[in-house]
Amino acid sequence: MAAEVRFREGWPVVVVGAGGCGMVAALAASRRGGQVLVLEKGAEPGGNTALSTGLIPAAGTRFQRAAGVPDDTPELMAEDIFRKNRRASDPALTRHLCETSAGLVEWLADEVGCELVCHTDFLYPGHSRFRMHGPPRGYGAELVRQLARAVEKDPSIELRLETPVRGLVLDDGRVVGVRTGGGSIEAGAVILALDGFGGNPEMVRKHLGPGVAAAPYFGSPNNTGDGIRWGIAAGAATGYLDAYQGHGSVAVPDGPLVTWGLVMNGAVLVNRHGRRFGDESRGYSEFAREVLAQPGGEAWEIFDQRAHDASRGTRFEEVISAGRVERAETPEELAATLGLPAAALAETVATVNRVASGEEKDPFGRDSFAGGLSEPPFYGIHVRGALFHTQGGLKVDTGARVLRPDGRPIPGLYAGGGTAAGISGNGAEGYLAGNGLLAALGLGRIAGENALPTRRTP
């Protein structure tokens with residue numbers, strides 16, 4: 001109880017976590033006139049945002065119009081999300097994030113000072129329009145740099161690094177502060193902007209199952225589910241705790257991520273027998289499970305010169321720079337280089353080319369190979385499936401207020417990022433590219449704008 005707590009300081013708004021969600025929340029609260037304290041347990045800001053592509057889906061922005069995309073709408077965007085997650089996500093929250101997405105991106109550009117463009121390199125699986133907005137270069141790390149620069153310049157925001165929070169302080173059901181190793185801090189409102197629980201093996205095993213728990217984890221090690229546990233202890237409801245974002249192509253042994261743009265430009269994945277095992281174009285999140293189910297939990301991404309050239313200037317450059325791409329003049333030579341059976345890989349390439357030319361149908365149902373694997377030389381990357389981020393958490397409303405099981409908000413408590421239940425439905429199949437960052441930054445801004453304290457009622 002707060003009556004038993006001696007606060008060493010007080011702030012109108014305390015934000016826990018300095019990833020994309022937390023920094024956006026702080027900036028939004030500051031621009032509403034609030035004084036904001038941001039507490040981050042790591043040595044630098046960033047979280048999973050820094051490891052991401054840094055792409056925010058948004059519908060109806062001026063950046064889309066400048067890129068030749070004049071006809072996107074929040075309704076189309078919401079339908080794409082619902083189609084992917086089989087209408088499992090909260091309808092009101094999903095639509096609200098879509099309806100506010102254009103305002104979010106333009107606010108980031110105009111008021112925060114982020115440099116953003118609409119990327120049209122390739123259409124991510126499940127999206128009906130080009131709507132991914134991010135830095136022209138640098139991906140998530142660059143987006144974090146831009147947000148951190150804005151936070152540093154804002155005199156109303158204080159960021160404290162290496163300051164882990166240990167729990168919430170409640171008074172008669174209201175959240176009134178946070179506990180840290182250096183003492184308790186009073187808060188008019190607390191925004192939980194931590195990432196999910198991908199770095200907590202026990203929670204991953206409990207909620208995602210032993211198969212996912214055995215997969216390599218490629219997110220921030222600080223994602224230990226603290227905010228979710230604190231919310232539950234405060235009486236919060238949870239949702240979609242089985243939801244996660246996986247990725248089917250992380251370069252062996254330790255990365256980097258291989259952009260799924262290679263697949264959309266014609267690449268295929270084969271197992272150690274040189275055979276394909278699914279429709280790669282379904283999406284990179286659910287295909288992680290397909291890769292993990294293969295012998296050794298591994299695969300090889302195979303593509304030709306045309307796909308190679310079409311993917312240059314994207315995150316593929318990181319894979320090239322890391323020396324993860326093997327090259328050969330023929331499929332048989334590539335097989336020898338990769339340690340795969342030559343005859344099987346050559347037959348896989350030939351089958352893909354027959355499907356691409358319309359001679360036969362793909363047995364896995366893929367309907368586009370962007371020209372096939374017909375232009376030598378040929379390339380291969382040894383990859384594996386990985387867990388990137390969990391998508392479930394505390395239930396929130398369209399004001400980012402954390403809800404009890406009966407639907408009433410917990411006074412003084414807001415959430416976003418990986419702490420909040422997202423919009424990907426259940427499992428890995430419902431994840432649509434950009435869902436994580438849309439919910440993180442979208443809920444971050446909403447929480448920051450709504451969290452300024454109001455007069456308490458008796």
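How many cavities of 30 Å³ or more does a search of the whole structure find? In this predicted model, the search finds three.

The largest cavity holds about 490 Å³ of space. Its lining is made up of 38 residues, and those nearest the centre are Ser52, Gln245, Tyr431, Gly436 and Leu437. Five elements, α1, α2, β11 (244–251), β15 (378–390) and α17 (435–450), each contribute at least two residues to this lining. Helix α17 has the largest share, with four residues. Sorted by class, the lining of the largest cavity comprises 17 nonpolar, 19 polar and two charged residues.

The second largest cavity has a volume of about 40 Å³. Lys84, Pro125, Arg282, Gly283, Tyr284, Ser285, Tyr431, Leu432 and Ala433 line this space. Five of these residues are nonpolar, two are polar and two are charged. Tyr431 appears in this lining and is also one of the residues nearest the centre of the largest cavity.

Open spaces were examined as well as enclosed ones. The largest pocket contains about 410 Å³ of space. It is lined by 27 residues, with Glu40, Gly47, Ser220, Asn222 and Asn223 the closest to its centre. Two elements, α2 (47–51) and α10 (226–233), give two or more residues to the lining. Of the elements, α2 gives the most, namely three residues. The lining of the largest pocket divides by class into twelve nonpolar, ten polar and five charged residues. Helix α2 thus takes part in the lining of the largest pocket and also supplies at least two residues to that of the largest cavity.

Helix α1, another contributor to the lining of the largest cavity, also packs with helix α6. The two helices, residues 20–31 and residues 101–112, meet at an angle of about 65°, and their axes are 12 Å apart. The crossing of α1 past α6 is left-handed. On the α1 side the contact is formed by Val24, Leu27, Ala28 and Arg31, and on the α6 side by Trp107, Leu108, Glu111 and Val112. Six of the contact residues are nonpolar, none is polar and two are charged.

Concerning the chain as a whole, 17 helices and 18 strands are present. The C-alpha trace extends about 75 × 45 × 40 Å along its principal axes. A compact globule of 458 residues would have a radius of gyration near 23 Å, and because the chain has 23 Å, the value agrees with that expectation.

How values were computed:
Residues numbered from 1 in each chain as written. Predicted model: local features only at pLDDT ≥ 70, side-chain atom pairs only at ≥ 80, totals over all residues. Heavy atoms only, no water. Axes fitted to C-alpha atoms, helices over the stretch in contact; angles between N-to-C directions. Left-handed = near helix turned anticlockwise from the far one by under 90°. Contact = heavy atoms within 4.5 Å. Nonpolar A, V, L, I, M, F, W, Y, C, P; charged D, E, K, R; others polar. 1 Å grid on protein atoms, 1.4 Å probe; cavity = no way out; pocket = protein on both sides within 12 Å on 5 of 7 lines; lining within 4 Å. Points joined across faces, edges and corners; volume = space filled by probe spheres on them. Rg over C-alpha atoms; globule rule 2.2 N^0.38 Å.
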